Structure formats: structure tokens, C-alpha cells
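This report sets out how the strands and helices of one protein model are arranged. Please keep the sequence and the three-dimensional view at hand while reading.

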Amino acid sequence: MQGVCLLGATGSIGRSSLEVLALHPDRYRIHTLTAWQRMDELLALYQRFQPSLLVVADAGQRDALLRAGVRCEVLYGAAGLEAAAVAADSAIVIAAIVGAAGLVPTMAAVRAGKKVLLANKESLVMAGTLFMQAVQSSGARLLPVDSEHNAIFQCLEKPGAGLAEQGIVKLVLTASGGPFRSFSREQLQAVTPAQAVRHPRWSMGPKISVDSASLMNKGLELIEACHLFGARADQVEVVVHPQSIVHSLVQYQDGSLLAQLGRPDMRTPIAHALAWPERLSAGVEPLDLLSMAALEFEAPDESRFPCLSLARQAYAAGGNACAVLNAANEVAVAAFLQNETSFMAIPAIIAEVLQRVPQSPVDQLEDVLLADAQARRCARECLAALQEG
Ligand code: NAD
Ligand code: MG
């Protein structure tokens, strides 16, 4: 029986994780659930799964839960998340918080040597080098939940070994292309948040849905893949595959191209990461090859979707640049979701912030957090300037 700490229990990944965990009560006990919004949903999860610890955003939320009849320990704030991530009762930590807020607790879980199921790609993007060093030195087991990286992991013959040692020439990340794949530049100027979050294949939280629409999600995933698998950026190819059936591929030097296929359903990579190196049922129907549509692949158009090149540029710059990229993107996406700026302003703001925030090395987590704060300030200034202009 393994204890599980689920960071971000009320989100899209959080809900899928709970569906898988609920199928295997003999193997996993849910020790901790955390949520920052939707307290009614957290209360219902508390009643259903009877965890020993809840973590919420503030004391007001904690008091409301206690008044509503919660009898377990309830912590709050960033310190509560960190305490939950290292608690001895949870051998497994599922990192499913969205955005930069996931960095500190995920890093704490890694440093504590947990088995970490990583959905929160932003933490690797922001602090990849430090993060992977911490995995090495603590002996943590890091398992990718992001479907593309999970697919690649499944296609590796010697996970943990270098790409050259495994005879791997390149990694191919597939991208659905998002809801605006065939939109012209003019059409992209006018798209709304409601259109952006209506993803054609996947059902996800609002932030990652916008990232998928702008292709920033694939930019973040490219950086994530470089850190996770020790790849150079030029060894990671992005291919648009609108059906989202082939979740990613690995090209070996003998000409073999290995792929993982499945329904676009996050319960599959979650179950894989939970049970690895074993396999568990995920509650997902198998693919029906005979009724499947043709599989298409095309090159991404980086002129209509500049976020992918911005991510490559930030990764090549190194130091604080990926943390700056991530923070600028989070501010711009939040503003777009609030109808405060246009979809095409997202790459414009990121490009400007990357230029304006001075480059600097990152030697510790504090350097990353500083870059994040600087970039957020700068992005808000750019936004304000756009709104005035
Ligand atoms: P979501 O918005 O649906 O859920 C986010 C969760 O984080 C919620 O439980 C929310 O309460 C919590 N949260 C929000 N802000 C917080 C804060 N400041 N501090 C602590 N907790 C906070 O997001 P999601 O779509 O489930 O995505 C979660 C992560 O998984 C993201 O990093 C995303 O990139 C990654 N991911 C998601 C999918 C998917 O299918 N949804 C696929 C691959 C990777
Ligand atoms: Mg993904």
C-alpha cells in the first residue's frame, strides 16, 4: 500500500488521477489532497476519499472546511504545500498544480526522494537543470505524466541512460495543432478565450488549453523533453498530428521509429507512471484500429505560431531565460483569458519580456524565483503599454 499526495486535486489532471487511483484502492491510499479554488469540490473529494491531510490557499478556506465538517488536518498556503510534498506518509507525489506555483512543492518532493509523477511541466521549464540535479542527488524517481513525454519514456529501452548510449537519434514530439491549426493570421487576431479553451482532442485546464492553441505548450514540452531525456534541442522535432493518437515517437539509429499510441485520455499516462515498471488498468478503452481515421502528420507553421521559436530561443539562451519565458507566458495567457489582451499579443509580450529582462545565471532556486518575479513585473508593464496604445 503506497500513500499518495495529489497536488492540484481539483484540476483536470487531478480528477483523472483520482479516477485511476479509485480503481486500485488495494494499492494506493490517498493521503493528501490540495486545491486553491473550488472548495465545494474539495469537500466532496474529502468525503469520498477520506485523506489525512488537505492543503488550501488560505486560513479562510481552512476555517470554512472545518465548519463544513472536515475532521482531518488542514494546512494552507505555500508552506502547507511544501509540508504536504515531503510528508513521510506519501511515497508518491503527483505534481498536478498549474504553472509556476507548482515549482517549490514539486522541487521539495524531489529533494525528499519521492516518486514524483510530473504533470507540472512549468517547474521543469523554469528550473530544469537544478531540478534534474536534485533528482540525481536525492534518488527521487521522476516519471513523466505529460502524454508526449510519457510516450517517449515508454519507447525507451534503457530509461535513465543517455540518448547516444541507447542508440537514439532524435525524439519526435507530436502536437495536435490546437483549435486554430488552420486559421489565417487575420483570423488569429480575432480569436476569443472561449474558442481557445475548446480544444479539439483533449479536455484540459484553461491555461494549458491556451498554450496548446498558441503552440507554447509544445515549446514548453520541447524544453521539458531536453531536461527529462538529456536531449539537445536539435534532437527534438515537433510534428503536428491532428488526430492525437500517436502521442510521440523515438527515432533509433537503426532506422526504427517507436511510437506509443492510445486514446487522448490522460488516465493512460497517469496509470503508466503510477505503476511503472508494472502496468495497471486505467479505465480507458483500447483504440479500435479498424475504425480509426487516417493518421496525418505535418510541419508546424512557426510564423503563425511564434511561441515555439520563442521557446527554442529561450532554451538556447540558458540561465534565467526559460523562467522568464514561462512567467511572461503565464501573465499574457491570464490576461488573454480575462479578455484584457488579444491572442496574438501573447507571443508579442513574451518576445519583449525576453529582450528586456537581463540575462543571468541560475545557481539556486531563489535565482529562478527572482527571474520569475522580474519577468512578471515586466510582462505587466508590456500589457499596460499595449492597453494604452
Ligand atoms: P487545472 O487548471 O485544471 O488545475 C490546476 C490545479 O492546481 C487545481 O487543483 C487548482 O486548484 C490548483 N492551483 C491553481 N493555482 C494554484 C496555486 N497558485 N497554488 C496551488 N495550487 C493551485 O490544470 P490542469 O489542466 O490539470 O494542469 C495541471 C498541470 O498539468 C499543468 O502544469 C499542465 O501543464 C499539466 N498538464 C495538463 C494536462 C491536461 O490534460 N490537463 C496534460 C499534460 C500536462
Ligand atoms: Mg502534453
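Ile92 has Lys115 as its bridge partner in strand 6. Strand 5 (residues 92-95) and strand 6 (residues 115-118) run parallel and are joined by 4 bridges. Helices (H or I, at least four residues) and strands (E, at least two) are DSSP runs, numbered from the N terminus; two strands pair if DSSP finds at least two bridges between them. The model is a predicted one, in which local features need pLDDT of at least 70 and side-chain atom pairs count only at pLDDT 80 or more, whereas totals for chains, interfaces and linings use all residues. Residues are numbered from 1 along each chain as its sequence is written, chains are lettered from A and ligands numbered from 1 in the order in which they are written, and side-chain values use heavy atoms, with hydrogens and water left out.

**The parallel sheet**

Strand 1 (residues 2-7) also runs parallel to strand 5, through 4 bridges, and here Val4 stands opposite Ile92. Val4 has a further bridge partner, Ile30, in strand 2. Strand 1 and strand 2 (residues 28-34) are parallel and joined by 5 bridges. These strands belong to an open sheet of 7 strands in the order 4-3-2-1-5-6-7, with parallel pairing. Its edges are strand 4 (73-76) and strand 7 (141-144), each of which pairs on one side only. From one strand to the next the twist averages 20°; axes are lines fitted to C-alpha atoms, for helices over the stretch in contact, and angles run from 0 to 180 degrees between N-to-C directions.

Both faces of strand 5 are covered, with Ile92 and Ile94 buried on one side and Val93 and Ala95 buried on the other. Buried means under 20% relative accessible area, exposed over 50%, and partly exposed in between (1.4 Å probe, protein chains only).

**Helix 12 on the parallel sheet**

Helix 12 packs on the sheet and touches strand 2, strand 5, strand 6 and strand 7, its direction making about 165° with that of strand 6. The helix, residues 267-275, is mostly covered, 8 of its 9 residues being buried. The buried residues are Arg267, Pro269, Ile270, Ala271, His272, Ala273, Leu274 and Ala275. They pack against helix 1 (12-22), strand 2, strand 5, strand 6, strand 7 and helix 7 (147-155), contact meaning heavy atoms within 4.5 Å.

**The mixed sheet**

Strands of a sheet pair through backbone hydrogen bonds, either parallel or antiparallel. A second open sheet has 4 strands in the order 9-8-10-11, with mixed pairing. Strand 9 (236-240) and strand 11 (257-261) are the edge strands, each pairing on one side only. The twist in this sheet averages 20° from one strand to the next.

Strand 10 (residues 246-252) is joined to strand 11 by 5 bridges, and the two run antiparallel. Strand 8 and strand 10 are likewise antiparallel, with 5 bridges. Some of the residue pairs involved are listed below.

| Residue | Residue opposite or bridge partner |
|---|---|
| Leu171 | Val250 in strand 10 |
| Ser248 | Gln260 in strand 11 |
| Gln251 | Leu257 in strand 11 |

Strand 10 is mostly covered: 7 of its 7 residues are buried. The hairpin of strand 10 and strand 11 has 4 residues between the strands, and Gly255 takes a positive phi near 100° there. Helix 11 (residues 216-229) lies across strand 8 (168-175) and strand 9, at about 150° to strand 8.

**A surface patch and a buried residue**

Leu261, Leu289, Leu295 and Phe297 form a nonpolar patch on the surface, with about 360 Å² of accessible area together. Accessible areas come from the Shrake-Rupley method with a 1.4 Å probe, and for residues only the protein chains shown count as cover. Patches are made of residues with over 30% relative accessible area and no salt bridge; like charges are joined within 9 Å, and nonpolar side chains (Val, Leu, Ile, Met, Phe, Trp, Tyr) within 5 Å. A salt bridge is a side-chain nitrogen of Lys or Arg within 4 Å of a carboxyl oxygen of Asp or Glu. Leu289 lies in the loop between helix 12 and helix 13 (307-317) and is exposed, with a relative accessible area of 57%.

Ala196, in helix 9 (residues 193-196), counts as buried because its relative accessibility is 0%. Leaving aside neighbours within four places in sequence, Ala196 is in contact with Pro179, Phe180, Ser209, Val210, Ala213 and Phe336. Ala196 and Lys121 are 75 residues apart in sequence and 20 Å apart in space, C-alpha to C-alpha.
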